[in-house]
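Subject: A structure to look through

Dear colleague,

Here is the structure that I promised to pass on to you, with the sequence beside it. Please open it first, and then read my notes below with the model in view.

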Amino acid sequence: QVQLVESGGGLVQPGGSLRLSCAASGSIFRFRDMGWYRQAPGKQRELVGTITSGSSINYADSVKGRFTISRDNAKNTVFLQMNSLKPEDPAVYYCNAQLRAIYGGSRYWGQGTQVTVSS
């Protein structure tokens, strides 16, 4: 069983920064890819960005240049550095990870962490 635990959400002013963390139970080398999604009230969950096991990174156009995904393999943790936060960024941010096929290929979600942008 895989557990993903997000942390780091909170309230920040427009233009501010937050750093989200996603700690996985066990080695993140088991994962084909890990990523961040977000869901605002009344909207569908949307991709923020992903990082593959080979460290290939993909971002949604809406966050390119402002958000950065990184990973710390030793800590089994993936991060989302969010800079220049805008009023349209508030949402519950979810960590997501898919196991490699040799481990079953299942996809897992964290419980989410709330990000609020307000002056």
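How many disulfides does the structure hold? The structure holds one disulfide, a term that stands for a pair of cysteine sulfur atoms within 2.5 Å. Before I go on, please keep in mind that this is a predicted model, in which local features need pLDDT of at least 70 and side-chain atom pairs count only at pLDDT 80 or more, while totals for chains, interfaces and linings use all residues. Residues are numbered from 1 along each chain as its sequence is written, and side-chain values use heavy atoms, with hydrogens and water left out.

The disulfide

The two partners are Cys22 and Cys95, whose sulfur atoms are 2.0 Å apart. The pair links distant parts of the chain, since Cys22 belongs to strand β3 and Cys95 to strand β9 (residues 91-99), with their positions 73 residues apart in the count. Strands here are DSSP runs of E with at least two residues, and helices are runs of H or I with at least four, both numbered from the N terminus. The torsion about the S-S bond of Cys22 and Cys95 is about -80°, so the disulfide is left-handed. Cys22 is buried, with a relative accessible area of 0%, and Cys95 is buried with a value of 0% as well. Buried means under 20% relative accessible area, exposed means over 50%, and partly exposed lies in between (1.4 Å probe, protein chains only).

The protein as a whole

The protein has zero helices and 11 strands. With 119 residues, a compact globule would have a radius of gyration near 14 Å, and the protein agrees with this at 14 Å; the radius is taken over C-alpha atoms, and the globule rule is 2.2 Å times the number of residues to the power 0.38. Along the principal axes, the C-alpha atoms fill a box of roughly 45 × 25 × 25 Å. Of the 119 residues, 45% count as buried. If we take the contacts (heavy atoms within 4.5 Å) between residues at least 6 apart in sequence, 54% of them join residues at least 24 apart. The protein exposes about 6,100 Å², of which carbon and sulfur atoms supply 47%, as found by the Shrake-Rupley method with a 1.4 Å probe, where for residues only the protein chains shown count as cover.

A sheet of four strands

Strands of a sheet pair through backbone hydrogen bonds, either parallel or antiparallel. One open sheet has four strands in the order β1-β3-β8-β7, with antiparallel pairing, where two strands pair if DSSP finds at least two bridges between them. Why is one side of β1 and of β7 left without a neighbour in the sheet? Strands β1 (4-7) and β7 (67-72) stand at the edges and each has a single partner strand, so one side of each is left without a neighbour. At the β1 edge, four bridges join β1 to β3 (residues 18-24), and the two run antiparallel; within this pairing, the bridge partner of Leu4 is Ala24 in β3.

At the other edge, β7 and β8 pair in the antiparallel sense over six bridges, with Asp72 standing opposite Thr77 in β8. The side chains alternate along β7: Phe67, Ile69 and Arg71 point to one face and are buried, while Thr68, Ser70 and Asp72 point to the other face and are not.

Phe79 and two loop residues

Phe79 is found in strand β8 and counts as buried at 11% relative accessibility. Leaving aside its neighbours within four places in sequence, Phe79 is in contact with several residues, including Leu20, Trp36, Thr68 and Ile69. The C-alpha atoms of Phe79 and Thr68, which lie 11 residues apart along the chain, are separated by 8.0 Å.

The hairpin of β7 and β8 has four residues between the strands, and there Asn76 takes a positive phi near 50°, although Asn76 is a residue other than glycine. Asn76 is buried, with a relative accessible area of 19%. Ser84, in the loop between β8 and β9, has a positive phi of about 50° although it is not a glycine, and Ser84 is partly exposed, with a relative accessible area of 41%.

With best wishes
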